[in-house]
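The following paragraphs lead the reader through one protein structure. They begin with charged pairs and proceed to the strands, the disulfides and the nonpolar interior.

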Amino acid sequence: MYWISDDKVTWSEAVEECRNLYNNGHLVHIDNEEENNEVKAIRDQANRGYEYIWIGIHDSENEGVWTHEDGSRLTYVNWGNGEPTGGWGYEEDCGVIKDGHYNDVTCEEKYRFCCEYYVVIE
């Protein structure tokens, strides 16, 4: 399941909030085009279509090597035209999504975020 925040926070704060809000929650890991479209639709329904939303990708540990927040390898990416840029003189190590395409931005920017979590039905 997915949840989009109302608050704007830094990337690391978003990581922590997803962990705290939901047991085993994390910033969304988009693994294929179908999931990318789902996240885009949920973001659009939340009237967030005009702005960036944090997703769970970064290259802060190894520049140019993008991974999920937990260090796992990406299986799908949908970079916007000309992205990732790498920062033009400053670090752009964290990922956001807008209009279904990714962009790299500085991790200290403040944006809303999308958590992914699992519901256990017993």
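A salt bridge is a side-chain nitrogen of Lys or Arg within 4 Å of a carboxyl oxygen of Asp or Glu. In this predicted model, Arg 43 and Asp 44 meet that description, since their closest N and O atoms are 2.8 Å apart. Asp 44 also forms a salt bridge with Lys 40, and there the closest N and O atoms are 2.8 Å apart. Lys 40 and Asp 44 both belong to helix α2 (residues 33–45), where a spacing of 4 residues places them about one turn of the helix apart. As for surroundings, Arg 43 has 1% relative accessibility and counts as buried. Lys 40, by contrast, is partly exposed, with a relative accessible area of 27%, and Asp 44 is partly exposed at 30%.

The structure as a whole contains 5 salt bridges. Another of them joins Arg 112 to Glu 51, with the closest N and O atoms 2.6 Å apart. Because Arg 112 is in strand β7 and Glu 51 is in the loop between α2 and β3, this pair ties together parts that are 61 residues apart in sequence. Both Arg 112 and Glu 51 are buried. Through shared partners, salt bridges also connect Lys 40, Arg 43, Asp 44 and Asp 99 into one network.

Asp 99 leads to the strands. It lies in the turn of a hairpin formed by β5 and β6, which have 2 residues between them, and it has a positive phi of about 55°. The two strands of this hairpin, β5 and β6, are antiparallel and pair over 5 bridges; Gly 95, for example, has Asp 104 in β6 as its bridge partner. β5 also pairs with β3 in the antiparallel sense, over 3 bridges, and His 58 has Cys 94 in β5 as its bridge partner. Since 4 of the 5 residues of β5 are buried, this strand is largely enclosed by the rest of the structure.

Cys 94 introduces the disulfides, of which the structure holds 2. A disulfide is a covalent bond between the sulfur atoms of two cysteines. Cys 94 is bonded to Cys 107, with the sulfur atoms 1.9 Å apart. The torsion about their S-S bond is about 90°, and therefore this disulfide is right-handed. Cys 94 is in strand β5 (residues 94–98) and Cys 107 in the loop between β6 (101–105) and β7, so the link ties together parts 13 residues apart in sequence.

The other disulfide joins Cys 18 and Cys 115, whose sulfur atoms are 2.0 Å apart. This link is left-handed, with -90° about the S-S bond. It connects distant parts of the chain, for Cys 18 is in helix α1 (residues 11–21) and Cys 115 is in strand β7 (residues 112–116), 97 residues apart. Cys 18 and Cys 115 are both buried. Why does Cys 114 form no bond with Cys 115? The sulfur of Cys 115 is the closest cysteine sulfur to that of Cys 114, but at 7.0 Å it is too far for a bond.

The nonpolar interior remains to be described. In soluble globular proteins, nonpolar side chains tend to be buried together. The largest nonpolar core here has 15 residues, and Ile 30 and Tyr 102 touch the most other members. Two or more residues come from each of β1 (2–4) and β3 (53–58), and β3 provides the largest share, 3 residues. Apart from this core lies another, of 14 residues, including Trp 11, Ala 14, Leu 27 and Val 105.

Methods:
Residues numbered from 1 in each chain as written. Predicted model: local features only at pLDDT ≥ 70, side-chain atom pairs only at ≥ 80, totals over all residues. Heavy atoms only, no water. Core = buried A, V, L, I, M, F, W, Y, C linked by side-chain atoms within 4.5 Å. Buried < 20%, exposed > 50% of the residue type's maximum accessible area, 1.4 Å probe, protein only. Disulfide = S-S within 2.5 Å. Pairing = 2+ DSSP bridges.
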